[in-house]
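Walk through this fold with me, from the whole chain down to single side chains. Keep the viewer open as you read.

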Amino acid sequence: MKKLTCEMCNSVDLIKKDGLYVCQYCGTKYTVEEAKKMMIEGTVDVSGSTVKVDNSDELNNLYELARRAKQTDDFESALKYYDLILLKDPTSWEATFHSAYFKSINCKVAEIASALVSLMKSLNPTLMLVNEHLDSVEKQNEAISEITAGCFLIANLFNKSAQEHYNQIDSSIRYKYKEEMAINRIACHHLMYSLGDEIEKIFNNEEIKSKAATAWMSGIQLHYDLTRIMPNKTDAISQISSYANKVKKYNPEYESPLDKVKSTSTGASASAGGCYIATCVYGSYDCPQVWTLRRYRDYTLALTWYGRTFIRFYYSVSPTIVKLFGDKKWFQRIFKSRLDKMVEELNSQGYAETPYNDKEW
C-alpha cells in the first residue's frame, strides 16, 4: 500500500484526530474511507461497499520480467520478480515454486542437501495451488510438466556437481568427504521421489496422477547410480524396487535399472540409439547439431564410467520425457537454449558438425 499523502500539498505528515486524518502542514482533513482510497495502489473500484483493486497490469509485467529472466538464466532477477509476484498474489503456483527453485539453485556444493530440502518443502503448497486454482486438467498438466522439468534439471545438475566436486578432492583425503557427497546425492533422488509422491497424493484425476511416474523414474535412476558406489546396498535396492513397482502401476512396460542390470553390464552399449531430446528439439537425428552431440557421446562420454552412467540414465528416461513434454513450447525453449550453447562450445573444441555414423560398440 502507498503511504498516506495529502493530495493538496503532498505532505506525509497526517495525524488521526476526532475520526479524521488531518494534514499537519496545510490542515486538509480526510475521512477514514477517503484515506483508505488514497493508500491503495492500482486501479480502484469504489462503486460498491467494498473497495476492489485491479493490479493485473502490474502482475502481468512482473510475470513477463520473471519469465524472461528465467529463460536467460538470470537467476537473481528471476527470484526478485517471483518474490514480488508472491507478495501481490500468494495463490500463484508459478511464483511459489520458482521462488523456492531460484533460492536453491545458486547454493554452494556443501549446501546442496539443505537447498534441496527447502525445495522439497515447497512441493506440497505448490501442487495444492495447482489443484485448487487451475480450472482445467490441461492447465494442471502444463503446470505439473513445468514443475517436473525444473526438479529434473536441478536434481541432475546437483547430482553431477556433488560427484564432480568429490572427484576433484585430493585422493589422499577424499574419504573424508564421501559422506557429504553421498548426502548431497541422496537429496537429489529424494527430490524426485517426493515430487512423485505429492502428485499422486494431491490429485484425483488419473491422467494427472500418472505424471508421478516420470518423477519416480528419474529418482530411481539417480538412486541406482549412487547405490552402485556405496557399500551397503540392501536398503537402497529395496527402496528402488518399491518405487519401480509404483511406476509400473502407471507404466506396466517400465524396466527399472535393477531389471536391466544384466543387459547393461556391457557398459557403453546403452549408447546405441537416438538422441531423443536433441532429435525432438532439432527435428532430426541427422542434422549438424545432433551429429556434434553424437560425436561427443561416442568419443568423450562413453570413455568414462560416469559418462556411461549418464548415457544409460539419459536413454532410460528421455523417451518418456519427450513423449510427455516434447510438444510443449516451454520444453522446446528451455532445451534448445541449453543445447545450442552446448553445441557451440563443442564445435569450438573441435567436434565436427558433418554427417556422422554412430560408433559400433
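Two residues are in contact when heavy atoms of theirs lie within 4.5 Å. Take the contacts in this protein between residues at least 6 apart in sequence: 63% of them join residues at least 24 apart. The model is a predicted one.

Start with the overall picture. The secondary structure comes to 14 helices and five strands. The protein has 361 residues, and 43% of them count as buried. Its accessible surface comes to about 19,300 Å². Carbon and sulfur atoms account for 51% of that surface.

Now go inside. In soluble globular proteins, nonpolar side chains tend to be buried together. Here the largest nonpolar core has 85 residues. Leu 116, Ile 147, Leu 191, Met 192 and Leu 195 have the most contacts inside that core. Look at Ile 147. Beyond its neighbours within four places in sequence, Ile 147 is in contact with Trp 93, Phe 97, Leu 123, Thr 126, Leu 127, Val 130 and Leu 195. Another core lies apart from the largest one and has six residues, including Leu 4, Cys 6, Cys 23 and Tyr 30.

Next, the rings. How many aromatic pairs does a search of the whole structure find? The search finds eleven. One of them joins Tyr 82 and Phe 102, with ring centres 6.3 Å apart and planes at 10°. Planes under 30 degrees apart count as stacked, so this pair is stacked. The pair links distant parts of the chain, 20 residues apart. Tyr 82 sits in helix α3 (residues 75–88), and Phe 102 in helix α4 (residues 93–105). Is Tyr 82 buried or exposed? Tyr 82 is buried, because its relative accessible area is 0% and the limit for buried is under 20%. Phe 102 is buried as well, at 3%.

A second pair to inspect is Trp 216 with Tyr 250, which is tilted: 6.3 Å centre to centre, with 35° between the planes. Trp 216 lies in helix α9 and Tyr 250 in helix α10 (residues 234–250), so the pair ties together parts 34 residues apart in sequence. The two partners differ in exposure: Trp 216 is buried at 0% relative accessibility, whereas Tyr 250 is partly exposed at 23%.

Ring pairs also build a cluster. Its members are Phe 75, Tyr 82, Phe 97, Tyr 101 and Phe 102. Charged groups meet rings elsewhere. Arg 174 lies over the face of Tyr 166, 5.9 Å from the ring centre. Arg 294 lies over the face of Tyr 285, at 4.0 Å from the ring centre.

Return to helix α9, which spans residues 212–227 and includes Thr 227. Thr 227 counts as buried, because its relative accessibility is 6%. A polar atom of the Thr 227 side chain lies 2.8 Å from the backbone oxygen of His 223. Setting aside residues up to four places away in sequence, Thr 227 touches Lys 233, Ala 236, Ile 237 and Ile 240.

Ser 122 comes next, in helix α5 (residues 112–133). Ser 122 is buried at 8% relative accessibility. Which backbone oxygen does the side chain of Ser 122 reach? The side chain reaches the oxygen of Leu 119, at 2.6 Å. Leaving aside neighbours within four places in sequence, Ser 122 is in contact with Phe 97 and Ala 100. Phe 97 is also a contact of Ile 147 and a member of the ring cluster. The C-alpha atoms of Ser 122 and Leu 195 are 10.0 Å apart in space, with their positions 73 residues apart in sequence.

Finish at Arg 338, in helix α14 (residues 329–348). Arg 338 is partly exposed, at 33% relative accessibility. Its side chain and that of Asp 73 are joined by a polar contact of 3.2 Å. Asp 73 lies in the loop between α2 (56–71) and α3. Asp 73 is also partly exposed, with a relative accessible area of 26%. Its phi is near 60°, a positive value in a residue other than glycine. Arg 338 and Thr 72 are 266 residues apart along the chain, while their C-alpha atoms are separated by 10.0 Å.

Terms used
Residues numbered from 1 in each chain as written. Predicted model: local features only at pLDDT ≥ 70, side-chain atom pairs only at ≥ 80, totals over all residues. Heavy atoms only, no water. Helix = DSSP H or I, 4+ residues; strand = E, 2+ residues; numbered from the N terminus. Buried < 20%, exposed > 50% of the residue type's maximum accessible area, 1.4 Å probe, protein only. Polar contact = N/O pair within 3.5 Å; in protein donor to acceptor, adjacent residues only side chain to side chain. Phe/Tyr/Trp six-rings, centres within 6.5 Å; stacked < 30°, edge-to-face > 60°. Lys NZ or Arg CZ within 6 Å of the ring centre and 35° of its normal. Areas by Shrake-Rupley, 256 points an atom, 1.4 Å probe, with all protein chains shown as cover. Core = buried A, V, L, I, M, F, W, Y, C linked by side-chain atoms within 4.5 Å.
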